[in-house]
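Notebook open, structure loaded. I'm jotting down what I look up as I go.

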Amino acid sequence: MKDFTELNNQVIHIAQKWKIDTFGNILKQNDKLVEESLELRDELVLCEAGVKDSKQNSEDELGDVMFVTLVLALKMGVDPLECLQRACDKNMHKAGKTENGTFVKAARRA
Ligand SMILES: [Mg+2]
């Protein structure tokens, strides 16, 4: 299995091959991310219902979400690992509690 940097480099290579590696069109790329997220959601619904092959399909759709996310980072001209690190740092000390398997942030005080 390749590490994150190798996989990101492969995504960049594919984006260059498809000529979608240039800056700009970031809103269109974000629309693609939303589209792939909805495809993932559809598969997760089937997965929760126990439909055959939906787990594999969910994994494939999660991969699509990650792929278009990395292309979005490329188009934004940002390092996706730095963005992920900042998100981890931000969430490391976030206050809240887990309800039904989902973390819910603590309400802000006025
Ligand atoms: Mg897809």
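I started with threonine 5, which is exposed because 10 other C-beta atoms lie within 10 Å. The cut-offs I use: a residue is buried with 20 or more other C-beta atoms within 10 Å of its own, exposed with 12 or fewer, and partly exposed in between, with C-beta atoms placed from the backbone. Threonine 5 lies in helix α1. Helices here are DSSP runs of H or I with at least four residues, strands are runs of E with at least two, and both are numbered from the N terminus. I also checked threonine 5 against proline 80: they are 75 residues apart in sequence, and their C-alpha atoms are 9.6 Å apart in space.

Note to self on the source: this is a predicted model, where local features need pLDDT of at least 70, side-chain atom pairs count only at pLDDT 80 or more, and totals for chains, interfaces and linings use all residues. Residues are numbered from 1 along each chain as its sequence is written.

Helix lengths next. The expected span is 1.5 Å times one less than the number of residues. For α1, 14 residues should span 20 Å, and the end C-alpha atoms are 20 Å apart, so that agrees. For α2, 23 residues should span 33 Å, and I get 32 Å between the end C-alpha atoms, which agrees. Helix α3 (residues 54-76) also has 23 residues, with 33 Å expected and 32 Å between its end C-alpha atoms, which agrees too.

Then I looked at what is hidden in α3. The buried residues there are Ser58, Glu61, Val68, Thr69, Leu70, Val71, Ala73, Leu74 and Lys75. What covers them includes α1 (4-17), α2 (26-48) and α4 (80-92).

How do α1 and α3 cross? Their axes come within 10 Å and cross at roughly 75 degrees. Axes are lines fitted to C-alpha atoms, for helices over the stretch in contact, and angles run from 0 to 180 degrees between N-to-C directions. That makes α1 roughly perpendicular to α3; the bins are under 35 degrees for roughly parallel, over 145 for roughly antiparallel, 65 to 115 for roughly perpendicular, and oblique for the rest. From α1, Asn8, Val11, Ile12 and Ala15 meet Phe67, Leu70, Val71 and Leu74 of α3. Contact means C-beta atoms, placed from the backbone, within 7 Å. Sorted by class, this α1 contact with α3 has 7 nonpolar, 1 polar and no charged residues. Ala, Val, Leu, Ile, Met, Phe, Trp, Tyr, Cys and Pro count as nonpolar, Asp, Glu, Lys and Arg as charged, and the others, Gly among them, as polar.

I picked out leucine 70: beyond its neighbours within four places in sequence, it touches Asn8, Val11 and Pro80. Leu70 also belongs to the largest nonpolar core, 6 residues in all, with Val11, Val68, Val71, Ala73 and Leu74. α3 gives the most to this core, with 5 residues. A nonpolar core is a set of buried Ala, Val, Leu, Ile, Met, Phe, Trp, Tyr and Cys residues joined through C-beta atoms within 7 Å.

Last, backbone oddities. Lysine 19, in the loop between α1 and α2, has a positive phi of about 60 degrees although it is not a glycine. Lysine 19 is exposed, with 7 other C-beta atoms within 10 Å. Aspartate 53, in the loop between α2 and α3, isn't a glycine either but has a positive phi of about 70 degrees. Glycine 77, just after α3, takes a positive phi of about 75 degrees.

Conventions: Contact = placed C-beta atoms within 7 Å.
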